[in-house]
Amino acid sequence: MSKSILLGCTSLTLLLAGCNATMNQRVLDTGDESQLQKRSYQTRVFDTSDKEKVMRGVISTLQDLSFVIERADMMLGTVSGTKFQNQLAIRMTVSVRPKGSNQMVVRANGQLNIKPIEDPKAYQDFYSSLEKSLFLTAQLGE
Amino acid sequence: MRNLVIVCSAAVLLAGCVTLPPNAFVVSQEQLARRQIETRRYDGIKEENLLIASSNVLQDMGFSLDNSETKLGLLSASKQRDATHGGEIAAAIIIALLGGGATPISKDQTIRVALVVRPVQATVDNTPVDGHFVRVTFQRIVRRTDNSTYAETLNEKELYEGFFEKLSKSVFLEAQKI
């Protein structure tokens, strides 16, 4: 029994240490991943020149996912929303900007309670929901 | 074994490392059903007028506008209201009488709403349909007497029916310019 308590205490220490970060790291959000890595899974490219269509698609996708939209700005191309699920708060900001004359780059980033969402699967799911709403294929890479 | 479970769950709680629910970003059947409840279609009114009618309804309901982007058909608004609930107070009194100490109860709440107007993407005989969808979602963040908070999406069908009843009246008034 004492062995299991020891094991528990060790995992507690490891977990606590693992979630600890300095002030600067928290502000700059420099985790284990590089800026480029983060961008690559948070970003997709769509073959369209219609910014408004993509933005309206982003808004309806977020609404389909039970988000309440808080703000949007057509000029900046940003949309933010929050959803509450099982006592958790998920907040997303999505930005849309033109790339060349016939493509749109969409970038999403989210946070769960007080942590950034760093699971690429979450972003993959979001973009596959967005694809269905836009009737366009999301392409990787900038 | 039981101790291990307790220690491990305490560790997880203390560390605050919550995990994203699986499929948090996949649209479920249930969410598609919610779309039906939260959406109504209005024909023969311009997007601009529909937004004006909607903002008037939100004002009727005591909401103050937080943010808007008319180019994308978005209005977001909020209001602060009392959140005390008879049943909850009664339960807290019973717990206190049974020696359970003071239980925090709901004190006040911030109710938030997002309303989005989007054009119907359809054509009849090659001419675009003159119709718009209005989708509305409500959330609330409740503060308890111990200042802890909890948040939830409001899901009651009746709430949305009540809202669209008001909106339909407002759209009629806007169309008639009353």
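From the N terminus on, chain B runs through its elements in the order α-α-β-α-β-β-α-β-β-β-β-β-α, where helices (H or I, at least four residues) and strands (E, at least two) are DSSP runs, numbered from the N terminus. This is a predicted model, in which local features need pLDDT of at least 70 and side-chain atom pairs count only at pLDDT 80 or more, while totals for chains, interfaces and linings use all residues. Residues are numbered from 1 along each chain as its sequence is written, and chains are lettered from A and ligands numbered from 1 in the order in which they are written.

**Exercise 1. Describe the make-up of each chain.**

Step 1: Start with the elements. Chain B comes to five helices and eight strands. Chain A has five helices and six strands, in the order α-α-α-β-α-β-β-β-β-β-α.

Step 2: Now look at burial. A residue is buried if 20 or more other C-beta atoms lie within 10 Å of its own, exposed if 12 or fewer, and partly exposed in between; the C-beta atoms are placed from the backbone. Buried residues make up 32% of the 142 residues in chain A, and 21% of the 178 residues in chain B.

Step 3: Finish with contacts (C-beta atoms, placed from the backbone, within 7 Å). Among contacts in chain A between residues at least 6 apart in sequence, 50% join residues at least 24 apart.

**Exercise 2. Find out which face of helix α5(A) is buried, and what it packs against.**

Step 1: Size up the helix. α5(A) has 15 residues and reaches 21 Å from its first C-alpha to its last, close to the 21 Å expected; the expected span is 1.5 Å times one less than the number of residues.

Step 2: List the buried residues. They are Ala122(A), Tyr123(A), Phe126(A), Tyr127(A), Ser129(A), Leu130(A) and Leu134(A). Seen down the helix axis, they fall within an arc of 160°, so they line one face of α5(A). The arc is that of the directions from the helix axis to the C-beta atoms.

Step 3: Recall a general rule. An α-helix has 3.6 residues a turn, so residues three or four places apart point the same way.

Step 4: Name the partners. The buried residues of α5(A) pack against α3 (35–42), β1 (43–46), α4 (51–64) and β5 (103–112) of chain A. For example, Val58(A) touches Leu130(A), and Val106(A) is also on its list of contacts.

**Exercise 3. Compare the surroundings of two residues with a positive phi.**

Step 1: Recall what is usual. Most residues other than glycine have a negative phi.

Step 2: Take Ser66(A), with a phi near 70°. Ser66(A) sits in the loop between α4 and β2 (68–73) of chain A. Ser66(A) is buried because 24 other C-beta atoms lie within 10 Å.

Step 3: Take Asn86(A), with a phi near 45°. Asn86(A) lies in the loop between β3 (78–85) and β4 (88–99) of chain A. With 7 other C-beta atoms within 10 Å, Asn86(A) is exposed.

**Exercise 4. Trace the hairpin of β7(B) and β8(B).**

Step 1: Check the pairing. Strands pair if DSSP finds at least two bridges between them. Here five bridges join β7 (residues 131–144) to β8 (residues 149–153) of chain B, and the strands run antiparallel.

Step 2: Pick a facing pair. Arg143(B) stands opposite Thr149(B) in β8(B).

Step 3: Follow the turn. Four residues lie between the strands, and Asn147(B) in the turn has a positive phi of about 70°.

Methods: Contact = placed C-beta atoms within 7 Å.
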